[in-house]
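Here's a quick briefing to read with the structure open beside you. Take it topic by topic, and find each residue as you go.

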Amino acid sequence: MNMTCTVLKNAKFATMVSGGLSYGLIENGAVAISDGMINWVGPEKELPLEFAGLQEKDLGGRLVTPALIDCHTHLVYGGSRATEFELRLKGASYEEISRSGGGILSTVTATRNASEEELFAQSLPRFDALLAEGVRTVEIKSGYGLDLETEIKMLRVARQLGKERNIRVKTSFLGAHAIPPEFAGKAEAYIDFVCEEVLPAVHEEKLADAVDGFCENIAFSPKQISMVFEKATSLGLPVKLHAEQLSNYGGAALAAKYGALSADHLEYLDEAGILAMAKSGTVAVVLPGAFYTLRETQLPPLNSLRKAGVPISIATDCNPGSSPLTSLLLCMNMACTLFRMTPEEALCGVTREAAQALGIGPEVGTIEVGKKAEFAVWNVEQPAELAYRIGCNPLEEMVLGH
């Protein structure tokens with residue numbers, strides 16, 4: 001539901017504002033909206049007289065949260081990797097599949113072969129699945145092209161998805177995702193190509209909101225990622241990084257050095273990386289879908305991240321190989337069940353902290369004065385139900401103030 005000037009009443013508002021009550025919960029609350037922005041929020045009985053006479057909407061005592069944010073996806077891609085799913089079940093590791101030409105490179109082939117129209121048609125159902133669960137901001141990465149033409153094609157499709165559904169899409173250029181076949185054995189030359197040709201062209205077309213990379217022993221070294229980050233910084237683009245997923249490679253500390261918005265995965269993150277992230281304000285994005293699909297056993301160091309005060313977000317990591325997941329609600333449940341996050345941490349992780357991981361914290365992610373009015377209305381009694389239920393979508397409606 002879209003509205004320009006109104007008061008939402010008779011609802012429980014999980015504002016997700018830090019400090020105070022759990023979830024920032026306001027029982028019997030009200031929110032005043034004007035021109036798409038939140039003008040006032042608080043207990044309904046304290047609603048100022050200046051808002052009397054505005055159009056009112058009764059939400060029937062339902063729970064209202066900020067609209068959800070999926071801050072890490074690879075949603076635009078061609079083809080499927082169901083065969084690799086079978087291979088892993090027969091004992092092949094993610095690394096073995098990657099080194100034998102499968103993994104990311106098999107998706108690269110399918111994505112290169114797909115037209116822009118075909119990529120859009122394949123990606124839209126995945127996009128819509130996220131939106132059906134209250135998501136109104138989606139981050140989408142490139143990285144399945146690894147050449148100039150396809151990387152640009154992917155980012156154009158990502159932008160088009162947002163336009164088609166009038167949804168905020170934040171794009172990340174992930175040229176440093178894998179070494180393409182034509183650069184086999186020439187990682188340095190490929191990084192030069194990314195920095196000198198592909199990234200400048202992407203930036204020229206204003207297709208990237210951030211620059212990402214994969215720092216891992218099957219991908220790129222910290223030194224190589226540094227070259228990409230130096231180029232991104234020179235272009236005024238923020239950075240983020242896939243780090244410490246399969247080994248402790250020093251990626252998180254590197255990301256923090258460059259003031260990265262986020263470092264993602266982090267199963268093998270060490271204390272030095274945690275302290276560096278805490279100092280830089282880099283958000284830790286944990287990805288339980290990949291952990292689950294790859295049957296990993298090394299848990300990300302949640303307790304150490306908490307103690308250091310590092311913000312923790314969660315995301316679907318929607319991708320064809322390691323996390324074919326298009327349910328952010330299920331992701332919340334996984335974060336609680338697999339990583340022992342609390343339901344409140346999980347909801348923070350797909351609202352307030354996810355906004356910070358995308359650099360849009362001042363705009364969205366909490367229900368407070370001065371932020372955009374983007375709300376999800378749920379048929380639940382308490383916020384914990386959003387992470388507690390499995391395979392249930394209790395979304396009643398979206399309320400969007402634009």
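Which side chain does Asp 317 join in a polar contact of 3.3 Å? The partner is the side chain of His 74. Keep in mind that what you're looking at is a predicted model. With that in mind, let's start with Asp 317 and then move on to other spots.

**A buried charge and a buried threonine**

- To find Asp 317, look in the loop that runs between strand S13 (312-314) and helix H12 (328-339).
- Asp 317 is buried, yet it has no salt bridge.
- Where's the nearest side chain of opposite charge? That's Lys 141, and it sits 7.1 Å away from Asp 317. A salt bridge needs the side-chain nitrogen within 4 Å of a carboxyl oxygen, and what Asp 317 does have is that 3.3 Å polar contact with His 74.
- Now hop over to Thr 111, which you'll find in helix H3 (residues 104-113).
- Is Thr 111 buried or exposed? Its relative accessible area is 0%, so it counts as buried.
- A polar atom of the Thr 111 side chain lies 3.0 Å from the backbone nitrogen of Gly 78.

**Salt bridges**

- How many salt bridges does a search of the whole structure find? The count is 20.
- One of them is made by the side chains of Asp 128 and Arg 165, at 2.8 Å from N to O. This pair ties together distant parts of the chain: Asp 128 belongs to helix H4 (residues 116-131), Arg 165 belongs to helix H5 (residues 148-165), and they're 37 residues apart.
- Asp 128 has a relative accessible area of 25%, so it's partly exposed. Arg 165 is partly exposed too, because its relative accessibility is 32%.
- Glu 363 and Lys 372 also meet through their side chains in a salt bridge, this time at 3.4 Å, N to O. Glu 363 is partly exposed at 31%, and Lys 372 is partly exposed at 30%.
- Lys 371 pairs up with Glu 368, with their closest N and O atoms 3.5 Å apart. Here the two ends of the bridge fall into separate classes: Lys 371 is buried, with 10% relative accessibility, whereas Glu 368 is partly exposed, with 29%.
- Salt bridges with shared partners also link Lys 9, Glu 44 and Glu 56 into one network.

**A negative patch on the surface**

- Which residues gather in a patch of negative charge on the surface? They're Glu 188, Asp 192, Glu 196 and Glu 197.
- Take Glu 196 as your example: it lies in helix H6 (residues 187-204).
- Glu 196 has a relative accessible area of 54%, so it counts as exposed. The cut-off for that label is over 50%.

**Backbone angles to look at**

- Asn 28 has a phi near 50°, which is a positive value in a residue other than glycine. You'll spot Asn 28 in strand S2 (residues 25-34), and it's exposed because its relative accessibility is 54%.
- Glu 244 has a positive phi as well, near 55°, and again this isn't a glycine. Look for Glu 244 in the loop between strand S10 (240-243) and helix H8 (251-257).
- Is Glu 244 buried or exposed? With a relative accessible area of 1%, it's buried.

**Sequence distance and distance in space**

- Ala 373 and Asn 39 are 334 residues apart in sequence, but their C-alpha atoms are 9.2 Å apart in space.
- Ala 373 sits in the loop between helix H14 (352-357) and strand S14 (374-378). Its relative accessibility is 1%, so it counts as buried.
- For another pair, try His 242 and Asn 393: they're 151 residues apart along the chain, and 29 Å separates their C-alpha atoms.
- His 242 is part of strand S10, and it's buried because its relative accessibility is 3%.

Methods:
Residues are numbered from 1 along each chain as its sequence is written. This is a predicted model: local features need pLDDT of at least 70, side-chain atom pairs count only at pLDDT 80 or more; totals for chains, interfaces and linings use all residues. Side-chain values use heavy atoms; hydrogens and water are left out. Patches are made of residues with over 30% relative accessible area and no salt bridge: like charges are joined within 9 Å, nonpolar side chains (Val, Leu, Ile, Met, Phe, Trp, Tyr) within 5 Å. Accessible areas come from the Shrake-Rupley method with a 1.4 Å probe; for residues, only the protein chains shown count as cover. Lys and Arg count as positive and Asp and Glu as negative; His and the chain ends are not counted. The place of a charge is taken as NZ of Lys, CZ of Arg, CG of Asp or CD of Glu. Helices (H or I, at least four residues) and strands (E, at least two) are DSSP runs, numbered from the N terminus. Buried means under 20% relative accessible area, exposed over 50%, partly exposed in between (1.4 Å probe, protein chains only). A polar contact is a pair of N or O atoms within 3.5 Å; within protein, one must be able to donate a hydrogen and the other to accept it, and residues adjacent in sequence count only if both atoms are side-chain atoms.
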